[in-house]
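Q: Please take a close look at one part of the structure shown below, the pairing of its strands. I should like a connected account that also sets this part beside the metal site and the confidence of the model.

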Amino acid sequence: MYAMNRWYVAAFAWELQDKPVARTLLNRPVVLFRTRNGQVAALEDRCCHRSLPLSCGTVEQAGIRCGYHGLLYEPGGQCIEIPGQKVIPAKARVVSYRVVERNQIIWIWMSEEAGSGPGFKAGAEPDSESDSEPPEISAHDDPRYKYGGGVFHYDAPYQLIHDNLLDLSHLGYVHARTIGGNPKLHMAAPTKVESAGEQVRVVRWLKDSEPPATYAAAWPFKGRIDRWQEIDFQVSYLAIWTGAVDVDSESLDDPGRGGFHMRGFHGITPETETTTHYFWTLASNAHPDRPDVSEMVCRQTEMTFEEDRLIIEAQHRNICRFGSQHGLDIHVDAGPNRARRIIERLTSREPG
Ligand code: FES
Ligand SMILES: [Fe+2]
């Protein structure tokens, strides 16, 4: 069960070079490719002739050519060439998905109707004007930041990743070597949780604290710091803005505050009900005295996400072993539980 009729991350722009990429998204096998003209496309990953995955084929100027008998498909899914045959039947086509490349992210519109048969152009008409474009992830194109990122595959359902990202109290225990620090401080941090519509916002402040290792390496803080974590959850992605200023130097309410910033993007796209694609980027600013730290920050972030993956996959294995009963709730679960209620509401209304 998935929340449908919305934009999900299908890939990063840099993944689509000269070869097709096969990816199952919300249980649907999709081939993603960039034609030699630069156009990005997403088709059902199955040739309409004898069902070879189109991802076994090759990318050409005009589209993708099947690797078995050479049928050529344009980005809209229509077959435009059958080698050795003049007539191309109208039904020689495959499902195409609406895709948009924005801020180096390839977004795919996943609607309920996709899969209703060959020739259906999935999500050609998003429901409203606000759906017509995918969200803007401005940190990717903001000259104040440098960013890097990657794709993790999780053997765990997407909601366990939502839980993890909406509850950063785990930093003290899981990420002690990088962005963590004192576990007791993390567990006791004042936390504000708000939700409206399909969004949840969690804000946590860790005032007058020791800079954790990554922060100390990235920014020349004078001593102790005031630290913030602002988590914005949407159904298919989260934006997490974290950072710190020297203690008592600036208000953590000021949207233009200085100091060290880490802006995380987390595209959480279900692969199946029990596996997930996790597309992440981390953008950070560099102090003039330490101009080259962004790569180090990104590497350490990748290490922290690997730590999360180990925890979440172990958690999933154990949930399978012991059954899916929900454990008890504690104070840190307010944000994750609101997101779960949103997903429950959407998936009970929208068949996935
Ligand atoms: S299976 Fe694709 S051309 Fe025959
Ligand atoms: Fe984490």
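A: Tyr 73 stands opposite Cys 79, a residue of strand β8. This pair is a convenient entry point to the strands of what is a predicted model. Tyr 73 lies in strand β7 (residues 72-73), which runs antiparallel to β8 and is joined to β8 by two bridges. The two strands belong to an open sheet of four, with the order β5-β6-β7-β8 and antiparallel pairing. Its edges are β5 (58-59) and β8 (79-81), each of which pairs on one side only. In general, the strands of a sheet pair through backbone hydrogen bonds, in either a parallel or an antiparallel sense.

Further along the chain, strand β10 (residues 99-102) pairs with strand β11 (residues 105-110), again in the antiparallel sense, over four bridges. Within this pairing, Glu 101 is placed opposite Ile 106 of β11. The two strands form a hairpin with two residues between them, and there Asn 103 adopts a positive phi near 50°.

Strand β19 (residues 276-284) has antiparallel partners that can be described in turn. One of them is strand β13 (residues 146-154), which pairs with β19 over nine bridges; here Phe 152 faces Tyr 278 of β19. Another is strand β18 (residues 260-270), whose antiparallel pairing with β19 also runs over nine bridges. In that pairing, Arg 263 is set opposite Ala 283 of β19. Strands β18 and β19 make up a hairpin, with five residues between them.

The surroundings of β19 can be read from burial: nine of its nine residues are buried. Both of its faces are covered. One side carries Thr 276, Tyr 278, Trp 280, Leu 282 and Ser 284, and the other carries His 277, Phe 279, Thr 281 and Ala 283, all of them buried. Tyr 278 and Ala 283, named above as partners across the strand pairs, thus fall on opposite sides of β19.

The metal site draws on other elements. The iron ion (ligand 2) is coordinated by His 170 (NE2), His 175 (NE2) and two OD contacts of Asp 308, at 2.1 to 2.2 Å. Along the chain, these donors follow the spacing H-x4-H-x132-D. The pair of His 170 and Asp 308 links distant parts of the chain, 138 residues apart: His 170 is in the loop between α1 (158-166) and α2 (171-174), and Asp 308 is in helix α5 (residues 294-322). His 170 counts as buried because its relative accessibility is 12%, under the 20% cut-off. Asp 308 is buried as well, with a relative accessible area of 4%. The angles among the four donor atoms span 59 to 146°, and the site is irregular. A tetrahedral assignment would require all angles to lie between 85 and 135 degrees, so this range does not meet it.

As to the cysteines, the structure holds zero disulfides. Cys 66, at 6% relative accessibility, counts as buried, whereas Cys 320 is exposed, with a relative accessible area of 53%.

Finally, the confidence of the prediction: the mean pLDDT of the chain is 92, and 94% of its residues reach 70 or more. Over residues 115-120, pLDDT stays under 50, and the model has 11 contacts beyond four places in sequence for this stretch.

Key: Residues are numbered from 1 along each chain as its sequence is written. Chains are lettered from A and ligands numbered from 1 in the order in which they are written. This is a predicted model: local features need pLDDT of at least 70, side-chain atom pairs count only at pLDDT 80 or more; totals for chains, interfaces and linings use all residues. Side-chain values use heavy atoms; hydrogens and water are left out. Donors are N, O and S atoms within 2.8 Å of the metal (3.2 Å for Na, K and Ca); water is not among the atoms, so sites may look incomplete. Four donors count as tetrahedral if all angles lie between 85 and 135 degrees; four count as square planar and six as octahedral if opposite donors are over 155 degrees apart and all others between 65 and 115; anything else is irregular. Buried means under 20% relative accessible area, exposed over 50%, partly exposed in between (1.4 Å probe, protein chains only). pLDDT is the predictor's confidence in each residue, from 0 to 100. Contact means heavy atoms within 4.5 Å. Two strands pair if DSSP finds at least two bridges between them. A disulfide is a pair of cysteine sulfur atoms within 2.5 Å.
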